Amino acid sequence: MSSSYGSLLPSAARSVLSLCRPPLRQAPMAPFLAGFQQQTRGFKKGKKEKKEKEAAKKARKGPRDFIQKDLKDIEQFALCDAMRYIRAFEVGRDPAVTKYEIHVRLKTKRDGPVIRNMLRFPHSVQTESRICVICPPGSRHEKEARAAGAVLVGEQEVFDKVKNGQLEFDRVICHPDSLEALNKAALGRILGPRGMMPSAKTGTVVEDVANRVEMLRGGTVYRERDAVIRLPIGQLRFSPEELRDNLRATLNQIKKDAAGLNDRITKEIYEVVLSSTHGPGFSLTGEFSSDNSPDTALLRGM
């Protein structure tokens, strides 16, 4: 009996020891914990991919500031010198039709508001500006607009001509009483790309349409596009003094426009380039003339 008991002892001891010893393999994780761990890994991965996509998107967009060339690497000219070369390119052209144009490059950011306004020059640039007025037919506004020189006045007549492609005018202004009719006519897809869609921001939706017609006939509407404002500032027959006056008025107005924007938005004039209808552009130094400039009397007329 004792011998049989003694023979069983080692195996019993081994059984007890095996129960106390920790398992070599870890028990499988509870199902709900495994699912939670997978969700956590998926969330981290999705967040990382989102950040990578945002970084790639920013890289495609490029820098926030418009990149301008270093003016030290560009040859610049006094106003009279630039006029001298431009007139050489425009020999034989009609001096009343060919225009001096400026490109005002701005130091600004890509996002944010843009400058847009209307300017009346000291010396009129437009020889013939055709104005269309949208206002209630038969009203006093119609009579005043015609007397001020508008070439087309009314509502439905204007809408029909625009839809038929008969754009025999350069600018469009609208009286507030006709704004609803203009919106219903859905002319934005036709007038918008041409920059002629009336808007309160550009000063082309006004009560006093006659006064605005008179201003537009001697003024210019301009708008900033890709950090550049382009507009004609004189006829080729203008004298250097007349062109200087118009250039000075333009730059002063653009500075006022920039100062009137949000305090957090800064815009500065970086470069002014003078060109013509058919000629190349010349970066200006800001000086009226140089030691090599010709007599100003030789730079007027044609």
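In the predicted model, Ala147 is placed in helix H4. Its relative accessible area is 71%, and because exposure is taken as more than 50%, Ala147 counts as exposed. The C-alpha atom of Ala147 is separated by 9.9 Å from that of Glu214, a residue 67 positions away along the chain.

For the protein as a whole, the secondary structure consists of 9 helices and 10 strands. Of its 302 residues, 35% count as buried. Among contacts with a sequence separation of 6 or more, 80% are between residues 24 or more positions apart.

Helix H4, which contains Ala147, spans residues 140-148 and forms part of a β-α-β unit. Strands S4 (residues 131-134) and S5 (residues 152-154) run parallel and are joined by 3 bridges. Within this pair, Cys132 of S4 stands opposite Leu152 of S5. The chain passes from S4 through H4 to S5, and the crossover is right-handed.

On pairing in general, strands of a sheet are held through backbone hydrogen bonds, in either the parallel or the antiparallel sense. Strand S4 also pairs with strand S6 (residues 171-174), again in the parallel sense, over 4 bridges. The bridge partner of Ile131 in S6 is Arg171, and Cys132 stands opposite Val172 in S6. Cys132 thus has Leu152 of S5 across from it as well as Val172 of S6.

These pairings belong to an open sheet of 3 strands with the order S5-S4-S6 and parallel pairing. S5 and S6 stand at the edges and have a single partner strand each, so one side of each lacks a neighbour in the sheet. Neighbouring strands of this sheet are turned against each other by 10 degrees on average, with direction ignored.

In a regular strand, side chains alternate between the two faces of the sheet. In S4, Ile131 and Val133 point one way, while Cys132 and Ile134 point the other way. All four of these residues are buried. Helix H5 (residues 156-163) lies across S4 and S5, and runs at about 125 degrees to S5.

The packing of two helices is described by the angle between their axes and by the distance between the axes. Helix H3 (residues 79-89) packs with helix H9 (residues 240-259) at an angle of about 115 degrees, and the two axes are 11 Å apart. The crossing of H3 past H9 is right-handed. On the H3 side the contact involves Leu79, Cys80 and Met83, and on the H9 side Pro240, Leu243, Arg244 and Leu247. By class, the residues of this contact comprise 6 nonpolar, no polar and 1 charged.

The buried residues of H3 are Leu79, Cys80, Asp81, Ala82, Met83, Ile86 and Arg87. Those from H3 that take part in the contact with H9 are Leu79, Cys80 and Met83. Besides H9, the buried residues of H3 pack against strand S1 (76-77), S2, strand S9 (268-276) and strand S10 (282-284).

Thr98 is located in the loop between H3 and strand S2 (99-107). With a relative accessibility of 3%, Thr98 counts as buried, because the cut-off for burial is a relative accessible area under 20%. When residues up to four places away in sequence are left aside, Thr98 touches Glu90, Arg93, Gly234, Gln235, Leu236, Thr277 and His278. One of these contact residues, Gly234, falls within strand S8 (228-235).

The loop between strand S7 (219-225) and S8 contains Asp226 and also Ala227. Asp226 is not a glycine, yet its phi is positive, at about 55 degrees. Ala227 likewise has a positive phi, near 65 degrees, in a residue other than glycine. In accessibility the two stand on opposite sides of the cut-offs: Asp226 is exposed, with a relative accessible area of 64%, whereas Ala227 counts as buried at 1% relative accessibility.

Definitions and conventions: Residues are numbered from 1 along each chain as its sequence is written. This is a predicted model: local features need pLDDT of at least 70, side-chain atom pairs count only at pLDDT 80 or more; totals for chains, interfaces and linings use all residues. Side-chain values use heavy atoms; hydrogens and water are left out. Axes are lines fitted to C-alpha atoms, for helices over the stretch in contact, and angles run from 0 to 180 degrees between N-to-C directions. Helices (H or I, at least four residues) and strands (E, at least two) are DSSP runs, numbered from the N terminus. A crossing is left-handed if the near helix is turned anticlockwise from the far one by less than a right angle, and right-handed if clockwise. Contact means heavy atoms within 4.5 Å. Ala, Val, Leu, Ile, Met, Phe, Trp, Tyr, Cys and Pro count as nonpolar, Asp, Glu, Lys and Arg as charged, and the others, Gly among them, as polar. Buried means under 20% relative accessible area, exposed over 50%, partly exposed in between (1.4 Å probe, protein chains only). Two strands pair if DSSP finds at least two bridges between them. A crossover is right-handed if, with the strands pointing away from the viewer, the path from the first strand over the helix to the second runs clockwise.
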